[in-house]
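Subject: Handing over a structure

Hello,

Here is the structure I promised to pass on. Please open it first, then read my notes below.

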Amino acid sequence: MEWFHSTEREQERSNGGIASSHEIQSAFAEQRDYLYWIALLITGDEALANLAVVNASALSANYSSVFRDWLIGWATYATVRAAVREVRDLLSASASQFADSFSERCDDDVLSDDQILSLRHVDPREVIAALDPLARCALVLRGIQHASLADCALLLDVSRGIVAGAYSQALRWNREHIGAHAAPNEGQMDSRV
């Protein structure tokens with residue numbers, strides 16, 4: 001049996017750390033809930049979110065140059081791209097409302113791990129109801145995925161200023177939402193002190 005395992009190791013070394021199709025599919029399966037959540041925030045629709053994850057998974061299975069170290073990031077990126085593709089028309093329509101918006105220097109503001117975890121506990125329907133498609137995309141891309149404003153603009157096919165305006169709206173909503181949910185808990189703590 002040692003000869004079998006050594007052949008596998010040799011094949012892995014000769015691949016240079018490139019993930020197999022099976023490893024890519026496993027990454028999608030392991031991250032399914034997270035990828036669906038990301039796609040749902042972007043699309044605002046359960047069926048489109050599922051479709052985006054399925055399409056990203058199918059596309060990635062045929063991709064032959066994904067490094068093992070990048071599997072999770074690749075799965076997320078592929079899902080985001082597929083979800084954005086599903087709502088391209090909504091994003092274009094939404095962009096006009098941010099054409100003249102002023103952003104509050106959100107260039108450096110990305111969500112912390114704690115803020116992302118807190119957002120994961122919010123019902124996605126609440127986020128979908130509160131933010132338009134472009135603001136949700138900006139929240140996911142800039143806030144959660146930490147993409148630059150320039151990269152967001154390129155993927156969303158809008159100007160950097162429009163992305164900044166949309167992201168600024170998403171940040172305001174997130175701050176207000178956190179404040180609204182934190183205030184009752186703080187009051188309860190004060191009454192016990």
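Is Trp 37 buried or exposed? Trp 37 is buried, with a relative accessible area of 6%. Bear in mind that this is a predicted model.

**Aromatic pairs**

There are 2 aromatic pairs in the structure. One of them joins Tyr 34 and Trp 37. Their ring centres are 5.9 Å apart, with 40° between the planes, and the pair is tilted. Both residues sit in helix α3, which covers residues 32–43. They are 3 residues apart there, so about one helical turn separates them. Tyr 34 is buried as well: its relative accessibility is 17%, and the cut-off for buried is under 20%.

Trp 74 and Tyr 77 form a pair too. Their ring centres lie 6.3 Å apart and the planes meet at 40°, so this pair is also tilted. Trp 74 and Tyr 77 belong to helix α5. Being 3 residues apart, they are separated by about one helical turn. Tyr 77 is partly exposed, at 42% relative accessible area.

**A charge over a ring**

Look at Trp 37 again. The charged end of Arg 120 sits over its ring. The distance to the ring centre is 4.7 Å.

**The largest pocket**

Next, the largest pocket. Its volume is about 200 Å³. Which helix gives the largest share of its lining? That is α5, with 5 residues. Helix α5 runs over residues 71–86. Helix α10, residues 149–156, also supplies at least two lining residues. Tyr 77, from the second aromatic pair, is in the lining. Other lining residues include Gly 73, Arg 81, Gln 145, Asp 151 and Cys 152. By class, the lining has 7 nonpolar, 3 polar and 2 charged residues.

**Cysteines**

How many disulfides does the structure hold? The count is 0. Cys 137 is in no disulfide, and its nearest cysteine sulfur belongs to Cys 152, 9.3 Å away. Cys 152 is likewise in no disulfide. Why do these two not count as a disulfide? The sulfur atoms would have to be within 2.5 Å, and theirs are 9.3 Å apart. Both cysteines are buried: Cys 137 has a relative accessible area of 0%, and Cys 152 has 1%. Cys 152 also helps to line the largest pocket.

**Where to start**

I would begin with Trp 37, which pairs with Tyr 34 and has Arg 120 over its ring. Then go to α5, which holds Trp 74 and Tyr 77 and gives the pocket 5 lining residues.

Best wishes

Note on methods: Residues numbered from 1 in each chain as written. Predicted model: local features only at pLDDT ≥ 70, side-chain atom pairs only at ≥ 80, totals over all residues. Heavy atoms only, no water. 1 Å grid on protein atoms, 1.4 Å probe; cavity = no way out; pocket = protein on both sides within 12 Å on 5 of 7 lines; lining within 4 Å. Points joined across faces, edges and corners; volume = space filled by probe spheres on them. Helix = DSSP H or I, 4+ residues; strand = E, 2+ residues; numbered from the N terminus. Nonpolar A, V, L, I, M, F, W, Y, C, P; charged D, E, K, R; others polar. Phe/Tyr/Trp six-rings, centres within 6.5 Å; stacked < 30°, edge-to-face > 60°. Buried < 20%, exposed > 50% of the residue type's maximum accessible area, 1.4 Å probe, protein only. Lys NZ or Arg CZ within 6 Å of the ring centre and 35° of its normal.
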